[in-house]
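Me: Could you take a close look at one part of this structure with me? I would like to hear about the largest nonpolar core and the helices around it.

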Amino acid sequence: MPAERKPMRYAHPDGYTGVCFDENGRFIVTGGSDGDIRIWENLDDDDPKSINVGEKVHSLALRNGMLVTAVSNNTVQVHSFPEGTPDGILTRFTAEANHVVFNSTATSVAAGSSDFMVKIIDTKDNSQQKTIRGHEGPILSVAFDPKDLFLASSSCDGSVCVWKIADQTLVVSWPLLTKFNEVSRATSICRLEWQPRIGKFLAVPVEKVVKLFERDTWENTDNLSDDSIVMPLNVASWSPCGGYVAAGSIDGSMVVWNVQTRKCVGRFQHEKAFRICAMAWHPSKGNIVYTDAEGNLGLLEGVLANAGSKELASHSAAGTFDDLFDEEDGDLLTKGINLSPPSPVVDDDDDGEDDNVMGIVNRSRHNRAIEDDNSHDIGSPTHLDKLDNEDDDDDIDQAGRVRAAPVFAAYSGPVPTPQQKPFQPCSTPSHLLHRFMVWNSTGIIRCYSDEQDNAIDVEFHDTSVHHAMHLSNVLNHTMADLSQEAVLLACTKTDELPSTLQCIHFNSRDTNKEWMVDMPNNESIEAICLGQGWAAVSTNAQVVRIFSIGGVQKELFSLMGPVVSMSGHGEQLLISYHRGTGFDGDQCLGVQLIELGKRKRQILQGVPLPLNKKSYLMWQGFSAEGTPAFADSEGIVQMLNRSVGNTWIPISNTRDHCKGKSDYYWVVGIHENPQQLRCIPCKGSRFPPTLPRPTVTILPLKLPYCQTSSEKGQMEEQYWRSVLFHNHFDYLAENSYEFDETAKHQALKEQQELLMKMFALSCKVEREFRCEELSDFMTQNVLNLAIKYASRSKRLTLAQRLSNMAQEKATALLTMQDEDDDFQAEPKAGYRRSVAEWNSPHVQPPAQSCVKKKEGSEEGVQNCAEEDGDNDMDPEEAPYAKRRLNPFNKDPVSTEKIIPKSVTLTNNMLARPNPFKVASGGISPALAGGQARNTNILDSMTKIGKRSSNNNSHSASNEKSLVLKPLASKPKAKQTQATLFQSTIPKSSSKTVGEKAIEARPIQSLIPDSKNTDNNKPKTGFQLWLEESREAIVAESSDLTEEEIIKEGMNRFRILSSEERKAWTERAKSGSINNIPNAEDVQKRKRVEELCENGTENKKENSEEPESLAKKQKQEHVSTTCKLATFAFKKD
């Protein structure tokens, strides 16, 4: 497995930054220019322990629980580790101390200073000091001989010296470095180091090589170099086994060599080419931790992985199999280590001995290497002798000793993930002395817990809500929430005190605005939240308790797992909990969403929370508009999409806005209008400090759509983001909340504009099918604009398809409205469909559905035709009456009323027929109305009047309905196709109106009447009107089929006023509908037709008259037949 360079993270401000491991390799310890020592559990630790030791840390060393630091006040201090308790000052200098190191037994500390002196101090008695003088410049670094005989030092005077510790005399000096007056100006700090244990070599970084000086002879036996090093080296570090040397340069290059072979085994480069300040090897792994001059911390993982497991052995005697049991079971559980019962391991040796060796199945947190029969302990004295003497016998003996050790099998299955502990959203960790208990849209609650004061400060963003408050934290509250009504505080259970909930209801009219409730003895509060008029508490007993804002206990219920967090907004309560055990770093969380209003209901129950892989929940809450949202540790913010089955959708990735790998954004709130994510930037940590006061940053929201760099992807992302973030208008309207009608109108306008832009782009790239798909999202007005755009772009086929789609939309909406009216009027009527009806599509046009009314309702056809004029709401207006606004209307608050215009209906307005079905005349239904498709919807549409709902119930009957059956269609001559916006002109015909009427008579004979049918069912008013008006319809359009004549008649009958339709219905009921109109009526109709043919000017005048006036006019001296015939020649 190749070595991996982990992303660097922020540790300290820019400047020199030191680093080292503790003796067990459990912690990484760093010190920087901010004067803090930070203790990291690993590179991903976002909350390291911090110990302030001074104004600035120049160097640090750690051994045997003693942390020694060289700080800016010219002193060398010691602190206990890991507590960080000060343990005194070891020594002082007259200038800054630059470097400190321990000897191998941790009994002495050597320190070099800028006053040209080196001091060796006894750690048990700091009065026992030895001072080495001789350098002529500031000391850069010092290093102890592992055998405590010599001390090496480097200085700004350009020399590297070896001193004898016993008498502080100079042994040897090499002029290797460039001279400088100050440490800060030196090109390299020349961090030299002795080979561990035997001290055979002294490694000195000089320019671009690491020089190895042999002990006793003090000769430069070898130089370690590599072509990747182009700048001077700054630091050199030996591996614990003494077989490898790592070095880092001032340009960020890092190289690892094998000392025995003198070959390079690893090359690495700093991600930003910063100066390497310090490097340290892990005591038992092949990992290297390093820091740079900008205060960043990095890790090289698996550096010696390619060399085999034998290279990873520890140099200490503790690195044996006893290390497998060096931690308590409780620690193993808290660190997510899986312990399994012993399992047998089969040994395949030929001797047959130890066949049943029991091994511990243990997966250590540090992934300690398990030795096999062929592994060697490089760190052991035997192997070190082998390096010195090249003795093969020692290698054989060492291998034999390793084979004698028992073999342990490592568990390789999935490891359970420790469950995330409960937390309060928008709060910092509770162990901090100064922390935020909550930061939300209402205000901020801070907690100060130190030796001087233990108090809570409440600050409101809007001081008109309430003035700031200072509360004494006597009960040691660790949880808090804040709303416009109250402050809610809670503390956990202790040995002396129960878990207590405290509420300060500052909006109360009572004198005492505070109330407190103690939890039962066996329960401790783990999460709290506030809503509108209520407070919620979750305990470790997996019970959620609801209180009124005044302190009345209300409902309680059980959770399906341990709580993680709770949030409230208005009537909504959001709870996240552990619904199971996660594996391999994944959390298994569920979410529960409950409405606690007058009608209590559960919206989400046990729905899994879609966290990122190997992440945990960092924040949860609601947007300012009341939509649930959450953020995970990977920076992914997700929001509930109510319009798609309450699913979660990612809306932002805060990591995209971070400048560094260790930077994070602390989420405090979300706004949907405007679309904003409110965060606090944190450098090197996931949580902000209380001082100085953090600044809130606004991040944009963006959906992770594909190809957002292209124009198409950008518009798609903008459209669906606008749809998502304006779904809350529907929720607010359903729950009777107030919302901004202007904002809703503006959002719909933006969405329709984006659709038109995408439509134009699709037309430009010749994607007509994509245009049709986009038209499904358009409103009627925008669809008409799209039709015009397609026509002007000379895409007549697309324009015709869109016209058909517009007709289908209008017809579908009308049909849906008609069906609703039918079910309301006939709630108990049976619903039967013939075989032909079941084969047709579900949505039927008004003409077809009205003709196929169920028998038993003699006014079925008439009532269906009269619905348009009697309903109070337009058919297409109903679905949009509550939430749809006109996006292009100048009045921002006016609702959009989409009124389909009256159009000459063709068979395209019906449900699409089967193209493979052969009609009775040999012509397919799809081709039967091909000529009628030339009709332009924009030219032929007219406004229709308001319709009043028909509440008359229709009687149900099991007999067959009265159906008008058309004749077989006749073959027609070819017709030239008109353009989209050209008005349709009927073809001239040599036949007179009388001849057409004669041709139409056989059609009437096919209509069953009471004499020719067994049912003896009377005709309806529409059928009577159609028989009398058929000749007028045929005279106007001679090429219409029988089916089209019926549809045209239906359309004209709908336009009639309600009084006229009722008159026809009364005539049908009186029994005259079964008779052919008398001769007097026929003569009157013929006279009116003659007048209409000769009076074209009268036609234009009639078309210009207001339609409302034309409907209201009632001429008693003119018969109804005359009025209907005259209306047939009117145009819009």
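Reply: Happily; here is a walk through that core, one helix and one residue at a time.

A word on the source before we start: this is a predicted model, in which local features need pLDDT of at least 70 and side-chain atom pairs count only at pLDDT 80 or more, while totals for chains, interfaces and linings use all residues. Residues are numbered from 1 along each chain as its sequence is written, and side-chain values use heavy atoms, with hydrogens and water left out.

Let us begin with the core itself. A nonpolar core here is a set of buried Ala, Val, Leu, Ile, Met, Phe, Trp, Tyr and Cys residues joined through side-chain atoms within 4.5 Å. Buried means under 20% relative accessible area, exposed means over 50%, and partly exposed is in between, with a 1.4 Å probe and protein chains only. The largest such core has 22 residues, and those touching the most other members are Phe759, Met778, Leu798 and Leu802. Two or more residues each come from α4 (711-724), α6 (741-764), α7 (768-775), α8 (780-792) and α9 (796-825). The largest share, six residues, is given by α6. These element names follow DSSP runs numbered from the N terminus: helices are H or I with at least four residues, and strands are E with at least two.

Leu802 is a good place to look next. Not counting residues up to four places away in sequence, Leu802 touches Phe759, Glu772, Ser775, Leu783, Ala786, Ile787 and Ala790, where contact means heavy atoms within 4.5 Å.

Several of those names lead into α8. Buried residues in this helix are Gln780, Val782, Leu783, Asn784, Ala786, Ile787, Ala790 and Ser791. How does the span of α8 agree with its 13 residues? At 1.5 Å a residue, the helix should span 18 Å, and its end C-alpha atoms are 19 Å apart, which agrees; the expected span is 1.5 Å times one less than the number of residues. After α8 comes Lys794, with a positive phi near 65 degrees.

Now to α6, where Met758 is found. Met758 counts as buried because its relative accessibility is 7%. Leaving aside neighbours within four places in sequence, Met758 is in contact with Met715, Glu716, Tyr719 and Leu774. Met758 and Leu774 are 16 residues apart along the chain, and their C-alpha atoms are separated by 7.8 Å.

Finally, the aromatic rings. Rings of Phe, Tyr and Trp (its six-membered ring) pair if their centres lie within 6.5 Å; planes under 30 degrees apart count as stacked, over 60 as edge-to-face and the rest as tilted. By this rule there are 17 aromatic pairs. In one of them, Phe630 and Trp648 have ring centres 5.1 Å apart and planes at 75 degrees, so the pair is edge-to-face. Phe630 is buried, with a relative accessible area of 2%, and Trp648 is buried too, at 15%. Back at the core, the rings of Phe759 and Tyr789 have centres 6.1 Å apart and planes at 75 degrees, so this pair is edge-to-face. Phe759 lies in α6 and Tyr789 in α8, so the pair ties together parts that are 30 residues apart in sequence. Phe759 is buried, with a relative accessible area of 0%, whereas Tyr789 is partly exposed, at 34%.
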